[in-house]
Amino acid sequence: MKIQSVAVIGAGQMGSGIAALAASQGMSVIVMDQQISQLEKAKRVIEDRWKRNEEKGYITAEERSHWSAQLQYTHQLEQLDRVDLVIEAIIEQRKQKQALFQTLDRFAADHTILASNTSSLSITELAAHTSRATKVIGMHFMNPVHRMPLVEVVQGLETNEEVVQTIVKLARDWGKEPVVVQDAPGFISNRLLMPMLNEAVFALQEGIASAEEIDQIMRLGMNHPMGPLALADLIGLDTCLYIMESLYQGFGDDKYRPCPLLRKYVQAGRLGKKSGRGFYLYSVEE
């Protein structure tokens, strides 16, 4: 199957990044979100990034104009019947994603593949809320989408092998490196990453070292490009908490228990870079 048109559901940081990538690769892209203000923000973010790239000489004015023309912003799900692939990129909440997949199944054409950018939730479970389990797959992009090469392709219990290969080829065509994994809580990326970030929060909570010192140890001693607490801020502390809760529920193992300090920060609205404050402070320009 050839993918020529894409719909991205959710115009947040990940959704806008995926939409911009698809448009830059010649895809016709529909960006959907229930909030008009979020669609306007996504359009502004995408256009501003491309404008900066043009000013730096990374892309031409013609490329920028062509890519912009490939994007359509809407809140009307009725337009899903004309796309080959839907990529869901809404908040990492099980019930909301399940309800959305039920809705997508009703509006999308029979041939359309339904993909989720979920970072931890079961693809098999999401597929069970549709009538096309063989056409449901995980397409987990990393943040920020335009810089990170990995796409974790998650095969659910019922996912058709042809669908897997279609998504693998598409990811490669988009300049990404796809890695196929089987469906399990957190897959591989977050099953390994999130417990490390969570443990860093425990170390901070216990007063073993400051946030800066914890990050410095991992950068200078382990050659990590970014410390775990700075990375958690970049991902979003609410997203980190959702993933840890998913791992904890999925495995039933105390080693995945979310740190109380992480939960407290989320309750306080200290979500990281996107809110201006997490383990560090951020200016509006950042």
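This note goes through the annotated regions, voids, aromatic contacts and backbone features of a predicted model.

1. The UniProt record, in an unreviewed entry, places the feature "domain: 3-hydroxyacyl-CoA dehydrogenase NAD binding" at residues 5-183. Over residues 5-183 the chain of the model is 41% helix and 22% strand, and the C-alpha atoms at the two ends of that range are 26 Å apart.

2. For "domain: 3-hydroxyacyl-CoA dehydrogenase C-terminal", UniProt lists residues 186-282, again as an unreviewed entry. In the model this range is 62% helix and 0% strand, with its end C-alpha atoms 28 Å apart.

3. The UniProt record also carries an unreviewed "binding site" feature, whose listed residues include Gly 10, Asp 33, Glu 92, Lys 97, Ser 119, Asn 143 and Lys 274. Of these, Gly 10 can be placed in the loop between strand E1 (5-9) and H1, and Gly 10 is buried, because its relative accessible area of 5% falls under the 20% limit.

4. Asn 143, which UniProt lists under "binding site" in the unreviewed entry, deserves a second look for its backbone. The peptide bond that runs from Asn 143 to Pro 144 is cis, with omega near 0 degrees, and Pro 144 lies in the loop between strand E6 (136-141) and strand E7 (150-155). As background to this point, most peptide bonds are trans.

5. The second largest pocket has a volume of about 220 Å³, and its lining consists of Gly 17, Ala 20, Leu 21, Ser 24, Arg 49, Trp 50, Asn 53, Tyr 58, Ile 59, Trp 67 and His 146. The elements that give two or more residues to this lining are helix H1 (13-24) and helix H2 (36-55), and H1 gives the most, with four residues. By residue class, the lining of the second largest pocket divides into six nonpolar, four polar and one charged.

6. A search of the whole structure for cavities of 30 Å³ or more returns one, and the largest cavity holds about 40 Å³ of space. The residues around the largest cavity are Met 194, Leu 197, Asn 198, Val 201, Ala 232, Leu 237, Cys 240, Met 244 and Leu 262. Helix H7 (189-205) and helix H10 (237-251) each supply at least two residues of this lining, with H7 giving the most, namely four residues. The lining of the largest cavity divides into eight nonpolar residues, one polar and no charged.

7. What is the count of aromatic pairs? The count comes to four aromatic pairs. In one pair, the rings of Phe 251 and Tyr 256 have centres 5.1 Å apart and planes at 25 degrees, so the pair is stacked, given that planes under 30 degrees apart count as stacked. The two partners can also be described by their accessibility: Phe 251 counts as partly exposed at 30% relative accessibility, whereas Tyr 256 is buried, with a relative accessible area of 5%.

8. A contact between a charge and a ring involves Arg 270 and Tyr 265: the charged end of Arg 270 sits over the ring of Tyr 265, at 4.2 Å from the centre of that ring.

9. Two residues other than glycine call for attention in any check of backbone angles, since most residues other than glycine have a negative phi. Phe 187 has a positive phi, near 55 degrees, and is found in the loop between strand E8 (177-182) and H7. Asn 223, which is not a glycine either, has a positive phi of about 60 degrees, and its place is in the loop between helix H8 (211-222) and helix H9 (228-235).

10. Are Phe 187 and Asn 223 buried or exposed? Phe 187 is buried, because its relative accessible area is 2% and the limit for buried is under 20%. Asn 223, by contrast, counts as exposed because its relative accessibility is 67%, where exposed means over 50%.

11. A last point concerns Gln 182, which is found in strand E8 and is exposed, with a relative accessible area of 52%. The C-alpha atoms of Gln 182 and Tyr 280 are separated by 35 Å, and these two residues are 98 residues apart along the chain.

Notes
Residues numbered from 1 in each chain as written. Predicted model: local features only at pLDDT ≥ 70, side-chain atom pairs only at ≥ 80, totals over all residues. Heavy atoms only, no water. Phe/Tyr/Trp six-rings, centres within 6.5 Å; stacked < 30°, edge-to-face > 60°. Buried < 20%, exposed > 50% of the residue type's maximum accessible area, 1.4 Å probe, protein only. Lys NZ or Arg CZ within 6 Å of the ring centre and 35° of its normal. 1 Å grid on protein atoms, 1.4 Å probe; cavity = no way out; pocket = protein on both sides within 12 Å on 5 of 7 lines; lining within 4 Å. Points joined across faces, edges and corners; volume = space filled by probe spheres on them. Nonpolar A, V, L, I, M, F, W, Y, C, P; charged D, E, K, R; others polar. UniProt positions renumbered as here; feature names shortened; annotations may be inferred.
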